[in-house]
Amino acid sequence: MSSTRTDHHAKIHPAVAAVTARIAERSAATRAAYLDRTAAAHAEGPVRRGLACSNLAHGFAAFEGTDREALRAMRMPGVAIVSSYNDMLSAHQPLKEYPDWLKVSVRGAGGVAQFAGGVPAMCDGVTQGRPGMELSLFSREVIAMATAVALSHDMFDGTLLLGVCDKIVPGMLIGALSFGHLPAILVPAGPMNSGLPNKEKARIRQLYAEGLATREDLLEAESASYHSAGTCTFYGTANSNQMVVEVMGLHLPGASFVHPNTPLRRALTEEAGRRIVEISRGEPYTPLAEVIDEKAVVNGVVALLATGGSTNHTLHLVAIAAAAGIQLTWDDFSELSAVVPLLAQVYPNGSADINHFHAAGGLQFLIGTLLDAGYLHEDVRTVAGDGLHRYRQEPILDGDGLVWREVPTKSLDEDVLRPADRPFAADGGLRMVAGNLGRAVIKVSAVAPEHRVVQAPARVFTTQDGFAKAFAAGELERDVVVVIRQQGPQANGMPELHGLTPALGVLMDRGFQVALLTDGRMSGASGKIPAAIQLTPEAATGGPLARIADGDIVRLDANAGTLDVLVEETELSARELVDSPPDEASWTGTGRELFGALRRSVGPADHGASVFGPLTPEHFGTPTHSFSTNAR
C-alpha cells in the first residue's frame, strides 16, 4: 500500500505528549523485557524451517496440491487464520467465507494460509441478565489463550485475526501479542444495515419496563433493530473495538464500518490476505510488537474519548497494553479526557447510528481532524505502512480493483460528527471519579448536564433480580442512588448490568434524581443514567462499597470527578459486612464452575480485570477485617 501525502503534521498536543511520555517512562522496564522476548523469537524466513521433519509433516498432512508443495518447500511465508466465526451471532456470521477468500489471496501474493484455530465468541446481547453473562469478561482470557494455542505450532510467519465484538478483539490481541514477533492484521466484518432506530428501541424497552407494552411489542422492536448479519448499529463495545483498533493501525484503512456481504467488504478482506504476506516477508517487516507501542495505545484512548466509546475499553485497553509490556492507567484516561474534545454523537450519545457516522465522514474524517489538531500521534507504525496519515483515506472499488482516496475535509453532517475546533463538548466522553468509595468510571457523553451531579440516599442490592422486584413493588419512587454490589471481577466475573437501564430511565423520567453505583460493568450501550461503574476496590475484596447501607447519602459529581458516601470513615469501617460473593459451591451452573480458577486469580478493574501477569496483593484486595478507603 502506498501514500503520497507529504503535508506538515500538527505538533502533538502538550497534554497528549506528556501522558505518552509518562506511560513510556513507567513502562520502560516491562516494555524493554517484552521487546527483548519478541526479538529473540523472530526468525528469518519461514519459521517452519526450524521444525523437525516429523513435526513439519504433521503440519501439512491434510493439505494437497500447490499449498502442500509450498508448505513442504519452506520458501513461502505461512499465514495463520484465527477466527471467531459462529452462525448464531450476527456480528460473526459473515466470517464464514473469509478463510476461503483469504487462502486464495494469500496464495496469489506468494504465501500459504492455514486455518490455525477458532476462538469462542459469546454475545452479551444474548446473555444479558442471564448466568452466562458472568462468563463474559472471563471469555476474553479464554480467547487470548485459544489464540495462543492456535499460534503455538511454529508454522506461521503472520497472523490474520477474524473478530469483531466485545471480548473477542481484545482477547485475540492479547493472545497475538504473546507472538508479537509476528505481523498481525485484524479483519472485521462490518455493521448490519440500519434498522429500527436505536432511540425508538429504547423507548419500547422503557414502556415494557412500565408495563405499558407487551412482550410481543418488545420482541418486534428488538428484532427490527437487530435484523441481519453484521454488528449491532449502536456505538457499543463492538463498534468501539473497530474504532479503536483502526486508529491503532491494526485494520486496513477504512475497513471498520463497511457492510458485510458487499463487494467492497470482500475486496478489503482479500486485500488483508495480500498485505499480511507483504509485511511478513519484509515489505516492510511489521511485527505486532512494533505496531502496538505507547503512541498507538494513546491513540486508541484518544479515539475512544473523542467518540464517547464503550466503558469496557477502560478494562480492555489496559489489558491489551499490559500484554505489550505497557503500563496504562486510569489516570492516563482521566488526563487525556480533560483535553480531548468530544467529536461524535452516535447512539446512545445521540440519535444517529454507526452507519450515519460512517456516512458523515466516519473514521477517516475523525482521524484527520484529530491529527490536524495534534491529538493523535502521526509517527506510528501501522499494518498499512508508516504514518497514521494513511488512515485519512477511504477505500473504494475502481473497476475490479481496490484503491484509497482522500475523504472530504468537512463533516457531511455536523449533528453526528464535528471537527476538533467545533466539538460537541470540550472534553472526552468518559471520566474517572474518585473519593472515599474508591475509583470508578462514568460515561458522560450520553448523560444530560443536569443529571451529572446526584446526591441521594442509597438503596443496596446484590442482584439485578432484587432491584427488579423493588422497582416492580414501587419501592424506588424517590431520589435514589441504586447500589448493586458483589458484581466485581472476583465476586462473579463482573457481568454487564445493562438490563437495569430501562427501569432506571423510568424513574428519571418521573422527575427523580437517579444514579447507579456498582463494582460491575454496564454495556457499551450505557445511556442517559449517570452510572459510576467498575468501582474498585470491589465489595468482594472488602472495598468500602461492601459497607454502604440503605439510606446512606451518596454523592456522585461527574463534573468534579468525585464519588463519596457521606458517612464518617470510622463509622463506615466499623460496620459489619452483611453480604458476600457466592462461594465455590454456589457459583455453579451454565459452566461457571469451570471458571473458578479465573475468578480466584483475576486482578482489579483498574488493572484491566485480567488474570494474566504476576499475582500481587492487589489481586486479593484488603482483608475485610482491616478496611481501607484508599483507592487503587
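# Exercises on a predicted model

In this predicted model, W587 has a relative accessible area of 2% and is therefore buried.

**Exercise 1.** Determine how the rings of F138 and W587 are arranged towards each other, and which parts of the chain their pair ties together.

*Solution.* Begin with the wider setting, which is that the structure holds six aromatic pairs. In the pair of F138 and W587, the ring centres are 6.5 Å apart and the planes stand at 90°, and because planes over 60 degrees apart count as edge-to-face, this pair is edge-to-face. Next, locate the two partners: F138 belongs to helix α7 (residues 136-151), whereas W587 sits in the loop between α22 (569-574) and α23 (596-601), so the pair ties together parts that are 449 residues apart in sequence. Finally, consider accessibility: F138, at 1% relative accessibility, counts as buried, and W587, at 2%, is buried too.

**Exercise 2.** Decide for Y226 and for F234, which form an aromatic pair, whether each residue is buried, partly exposed or exposed.

*Solution.* The geometry of the pair comes at the start: the distance is 6.5 Å centre to centre, with 75° between the planes, and the pair is edge-to-face. For the accessibility, recall that buried means under 20% and exposed over 50%, with partly exposed in between. Y226 has a relative accessibility of 29%, and therefore it counts as partly exposed. F234 has a value of 14%, so this residue counts as buried.

**Exercise 3.** Describe how helix α11 and helix α14 pack, and which residues make the contact.

*Solution.* Helix α11 covers residues 237-247 and helix α14 covers residues 294-307, and they pack at an angle of about 140° with their axes 8 Å apart. Since angles over 145 degrees would count as roughly antiparallel and those from 65 to 115 as roughly perpendicular, α11 and α14 are therefore oblique to each other. Their crossing is right-handed. On the side of α11 the contact is made by S240, M243, V244 and V247, and on the side of α14 by N299, G300, A303, L304 and T307. Sorted by class, the contact of α11 with α14 has five nonpolar and four polar residues, but no charged ones.

**Exercise 4.** Find out where S105 lies, whether this residue is buried or exposed, and which residues it touches.

*Solution.* S105 is part of helix α5, which runs over residues 98-108. With a relative accessibility of 6%, S105 counts as buried, because the cut-off is under 20%. Leaving aside residues up to four places away in sequence, S105 touches E270, G273 and R274.

Technical notes:
Residues are numbered from 1 along each chain as its sequence is written. This is a predicted model: local features need pLDDT of at least 70, side-chain atom pairs count only at pLDDT 80 or more; totals for chains, interfaces and linings use all residues. Side-chain values use heavy atoms; hydrogens and water are left out. Axes are lines fitted to C-alpha atoms, for helices over the stretch in contact, and angles run from 0 to 180 degrees between N-to-C directions. Helices (H or I, at least four residues) and strands (E, at least two) are DSSP runs, numbered from the N terminus. Angles under 35 degrees count as roughly parallel, over 145 as roughly antiparallel, 65 to 115 as roughly perpendicular and the rest as oblique. A crossing is left-handed if the near helix is turned anticlockwise from the far one by less than a right angle, and right-handed if clockwise. Contact means heavy atoms within 4.5 Å. Ala, Val, Leu, Ile, Met, Phe, Trp, Tyr, Cys and Pro count as nonpolar, Asp, Glu, Lys and Arg as charged, and the others, Gly among them, as polar. Rings of Phe, Tyr and Trp (its six-membered ring) pair if their centres lie within 6.5 Å; planes under 30 degrees apart count as stacked, over 60 as edge-to-face and the rest as tilted. Buried means under 20% relative accessible area, exposed over 50%, partly exposed in between (1.4 Å probe, protein chains only).
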